[in-house]
Amino acid sequence: MKHWITGTKDPFIFEKKNRIKGEFQDHYGLYIHIPFCKSICEFCPYQKILYSKERMESFLKSLHKEIDLLCEDKEKERVSSLYFGGGSPALLEENLKPLIEKIYQYFTIEGLIGMEVTPEDVIKPYFKRYLEYINGISIGIQTFSEKGAKILKRKVPNQKVIKAELKGLDLKVIDVDLIFGLPEQTWEDLHRDLEMALDMGATQISVYPFIDFTFAKNSFRPLGPGSKRKMLRKLVEKTEELGLERTAVWTFSLPGKDRYSSVTRDEVLGFGPSAVTLTRNQFSVTDFRLENYKKSLEENTLPQALVCDFVEKQRMAYYLFWKGYLGKMTKKEFLNYFGTSLEESYGSKIKWAKRLGFFQEDQETYTMTEKGFMLYHEAEQKYTMEYIDKLWGLLKKGELPERLELK
């Protein structure tokens, strides 16, 4: 599919460099990676290490230094959003306030300030103090079932307690993350998870297929592709019955509520180990290893990263991939971003995709059909294993390579 969209078999080439801020267009987003968890979930692919207060304090000195080095020579800029991911960023506790103040020193945030939280975070005393600084959360429930929690080696979330804590909170988005495709999981299990998430107060539900990363230490395997497809079809039917709007391939939202995704911003500036930065012409991912990250910043040097300088059709492909994730794109969006229309860039390919029933078109907008979403469901998982699994697996192992090609 990459070759079809880009029109070339040229690989994505990554080279080791000291990271730079880069040049952004208007209203890019910010991402801050907090790489600590109190326990390590084997299935989770993201970069994380065990938490200690001393590790957190040492890391935050480096993080503040990275923000200064990247931003101190720039004028204050407007950004669309700020997202804290991890790891478990709620472990910041009293350190959130000075970190937010550091960000406001260089940026004006116009939209959502979101944070990933665990079910346990929501019921901790410090959680409500965070609401002075954030206005959106994503709760990693994964499943309410005892069977599913046992497979994932997690505690069963206490839905009633979480519901009571969330009641009346002034948040623009309450996203709940669920998983489908776990071994032995049935549609009845997923349906129950969906209804419990809505009853708990979710304004948005993101239901992701379980992906078995090669570097994860999973002792189980997901359901097969056919079972995942059947489960996704039932999920789409049920969410329609419940009056939810499909806002991305695996995300469903209450009508009229704010929406949020940490992965679909056109451009993003990332801070912290393993953070991604995406500009108009470049993609980079910072060294995963905390010790290397800290060492560079102690030497007053920005940490190293693997950097891919896009050719134009590669950048278009990346842009369209994540617009496909959302299932909708206006014609003006593509034209304004690339200075050329989608028809001029992809003429016959657009016509064939439309004839095959993957999207619909009106005067202003391209909209994904159910057939298109199902194709994307398969393609995104393949992309994850062909690119993210290889890149992250390598970065988790050790030294950054001088050069890496991903075909």
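Begin by selecting strands 18, 20 and 19, which form an open sheet of 3 strands in that order, with antiparallel pairing. The model in the viewer is a predicted one. The edges of the sheet are strand 18 and strand 19 (359-361), each of which pairs on one side only. From one strand to the next, the twist averages 15°.

Next, restrict the selection to strand 18 (328-330) and strand 20 (365-368). These two strands pair in the antiparallel sense, over 3 bridges. To see one bridge, display methionine 329 together with tyrosine 366, its bridge partner in strand 20. As a general point, the strands of a sheet pair through backbone hydrogen bonds, in either a parallel or an antiparallel sense.

Two helices can now be added to the view of the sheet. Helix 10 packs on the sheet, where it touches strand 18 and strand 20. The direction of helix 10 makes about 120° with that of strand 18. Helix 12 (residues 342-355) also packs on the sheet, touching strand 18, strand 19 and strand 20. For helix 12, the angle of about 120° is taken with the direction of strand 19.

Keep helix 10 (312-326) on display, and turn to the second largest pocket, to whose lining this helix supplies at least two residues. Which residues should be selected to find the centre of this pocket? Of the 39 residues that line the second largest pocket, Arg259, Ser261, Thr264, Lys323 and Leu326 lie nearest its centre. The volume of this pocket is about 850 Å³. Other elements that each supply at least two lining residues include strand 11 (204-209), strand 12 (245-248) and helix 11 (331-338), and strands 18 and 20 of the sheet do likewise. Colouring the lining by class shows 13 nonpolar, 14 polar and 12 charged residues.

Thr264 and Lys323 lead on to an enclosed space, since both appear in the lining of the largest cavity. The other residues to select there are Arg265, Asp266, Leu278, Arg315, Tyr318, Tyr319 and Trp322. Which element gives the most to this lining? Helix 10 does, with 5 residues. The volume of the largest cavity is about 60 Å³, and its lining divides into 4 nonpolar, 1 polar and 4 charged residues. A search of the whole structure finds 3 cavities of 30 Å³ or more.

The next stop is a pair of helices. Select helix 6 (residues 159-166) and helix 7 (residues 187-200), whose axes come within 9 Å and cross at roughly 30°. Helix 6 is therefore roughly parallel to helix 7. To display the contact, show Gln159, Ile162, Lys163 and Leu166 in helix 6, which meet Met196, Asp199 and Met200 in helix 7. By class, this contact of helix 6 with helix 7 has 4 nonpolar, 1 polar and 2 charged residues.

A second pair of helices follows. Helix 2 (residues 53-71) and helix 3 pack at an angle of about 0°, with their axes 10 Å apart. That angle makes helix 2 roughly parallel to helix 3. On the side of helix 2, select Leu63, His64, Ile67, Asp68 and Cys71. Their counterparts in helix 3 are Pro98, Leu99, Lys102, Ile103, Gln105 and Tyr106. The contact of helix 2 with helix 3 has 7 nonpolar, 2 polar and 2 charged residues.

The tour ends with two details of the backbone. Glycine 87 is placed in the loop between strand 6 (81-86) and helix 3 (96-106). Is the peptide bond from glycine 86 to glycine 87 cis or trans? This bond is cis, with omega near 15°. Finally, select glutamine 142, which is in strand 9 (residues 136-142). Phi of glutamine 142 is near 70°, a positive value in a residue other than glycine.

Key
Residues numbered from 1 in each chain as written. Predicted model: local features only at pLDDT ≥ 70, side-chain atom pairs only at ≥ 80, totals over all residues. Heavy atoms only, no water. 1 Å grid on protein atoms, 1.4 Å probe; cavity = no way out; pocket = protein on both sides within 12 Å on 5 of 7 lines; lining within 4 Å. Points joined across faces, edges and corners; volume = space filled by probe spheres on them. Helix = DSSP H or I, 4+ residues; strand = E, 2+ residues; numbered from the N terminus. Nonpolar A, V, L, I, M, F, W, Y, C, P; charged D, E, K, R; others polar. Axes fitted to C-alpha atoms, helices over the stretch in contact; angles between N-to-C directions. Parallel < 35°, antiparallel > 145°, perpendicular 65-115°, else oblique. Contact = heavy atoms within 4.5 Å. Pairing = 2+ DSSP bridges.
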